Amino acid sequence: MTDRAAEVREAVAEAHRAQWALVLSATVRLARDLDLAEECVQEAYAQALAAWARDGIPDNPAAWLVTTAKRRALDAIRREQVFRAKLPQLLVPDEAGAPDAAGGHPPAPDFIDDPADYIPDDRLRLVFTCCHPALARDAQVALTLRLVCGVGTGDIAQASLVSEATMAARVTRAKKKITAARIPFRVPQGRDLPERLDAVLSVIHLLYTTGHTAPSGDQLLRADLADRALHLSRMLHALMPDEPEVSGLLALLLLTDARRATRTDAQGRLLRLAEQDRTRWDRTAITEGRNLILRGMRLGRPGRYLLQAAIAALHADAPRYEDTDWPQIVSLYDRLRQVWPSPVVALNRAVALAMAAGPGTGLREVEALESDPRLAGYHYLPAIKADLLHRLGRHAEAATAYRAALDLTDNAAERKYLAGRLREVTGP
């Protein structure tokens, strides 16, 4: 492969990682059809490989891709209109009263070839479209992550603890439902926002989680997804600044992301919270997150995101790992379980309880969760169990649990970390 070809392939790949959501959102707004828009965007990326190799990489790849995808969508719309116009002529002679040229459909929208038209708010518009109450909650989350955020079906399946085939079928059904129900591609009016808000918050949170620790791949972090989630959260907060949970979500993401630079060392090795250099944490983000928590608490009763943000703030406020207020964190997890009775919350609480009351106490909580089928493929459960067994000196059992976690883990950085921990309890 020549250097030019490699440069083009990397530019297209980077545009796919960073701009897929923006390109698709702008194309959907024109096409009004998810399948058509997705097909046109895929064709635009494929065309970019040849066009950029021939003409050079454009100064604004996103604008080039949106322009190309929209032109393909317009061509498809016009072909459909011509077909509808010609179809009556194939069946009956041309006469007065025949259908109009658009076959009863409105004319194609004017094509706008202006980069200013590709405003980032298109992505939030598409998030609200995918989170329409006509769709089931799991379909809302799956469709948004796939279309708006460009997350692979396999990664969505892992994050949702279901098979890839199940997730693919879920996405397909959701797209068909949107078409059949004629769900409009717009941000709903103010009175319609509350019924969609919880789903939108869930989607943005899961998007950030998928970027914060990638389910698969060589890198621990997918910065493009994490940044996209932060951007969507900020836009949502600007749209609904008086919603406590909107403030809570943005605070949670800021406080979690403040540790981004310290989660791995120079060689890419995963660093536990106790090993991270807290002087390198982003204090500006931490301060903003803390202020958002205070604002959210004043606005109303704290929900799942405000409580998670409060837990993250306690971690951020501790000058050393040893200074963490674990009893207070356990107390917050108790409140969180009341508003969000999730097995993952119970598992995280067990970790905090182990720090507050000892590894034996935490281990009993973890073992009680092993019978929950929702955690059957969740690799953090055996990983946490292994760590607690390790701390108790039960090395043979810890090794078994580390091996179980490795079997469930696809991220290379996490696998390397777990393999290192396994060596600690088994020897070289």
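What covers the buried residues of helix 18? The cover includes helix 16 (380–391), helix 17 (395–408) and strand 2 (410–411). The model is predicted, and the account below starts with this helix before turning to the whole chain.

**Helix 18**

Helix 18 runs over residues 412–426. Its 15 residues, at 1.5 Å a residue, should span 21 Å, and the end C-alpha atoms lie 21 Å apart, so the expected and modelled lengths agree. The buried residues of this helix are Ala413, Glu414, Leu418, Gly420, Arg421, Leu422 and Val425; the list includes the charged residues Glu414 and Arg421.

At the N-terminal end, Asn411 acts as the cap: one of its side-chain oxygens is 3.0 Å from the backbone nitrogen of Ala413. Ala413 is itself buried. After the helix comes Gly427, which has a positive phi, near 90°.

**The whole protein**

The protein contains 18 helices and two strands. Some overall values are tabulated here.

| Property | Value |
|---|---|
| Residues counted as buried | 49% of 428 residues |
| Contacts with a separation of 6 or more that join residues 24 or more positions apart | 67% of contacts |
| Exposed area supplied by carbon and sulfur atoms | 52% of about 20500 Å² |
| Residues with pLDDT of at least 70 | 87% of residues |

**Confidence**

The average pLDDT of the protein is 83. Over residues 89–120, however, the pLDDT is below 50. This stretch has 36 contacts in the model beyond near neighbours in sequence. Predicted coordinates should not be read in detail where pLDDT is low.

Definitions and conventions. Residues numbered from 1 in each chain as written. Predicted model: local features only at pLDDT ≥ 70, side-chain atom pairs only at ≥ 80, totals over all residues. Heavy atoms only, no water. Helix = DSSP H or I, 4+ residues; strand = E, 2+ residues; numbered from the N terminus. Expected span 1.5 Å × (residues − 1). Buried < 20%, exposed > 50% of the residue type's maximum accessible area, 1.4 Å probe, protein only. Contact = heavy atoms within 4.5 Å. Polar contact = N/O pair within 3.5 Å; in protein donor to acceptor, adjacent residues only side chain to side chain. Areas by Shrake-Rupley, 256 points an atom, 1.4 Å probe, with all protein chains shown as cover. pLDDT = per-residue confidence, 0-100.
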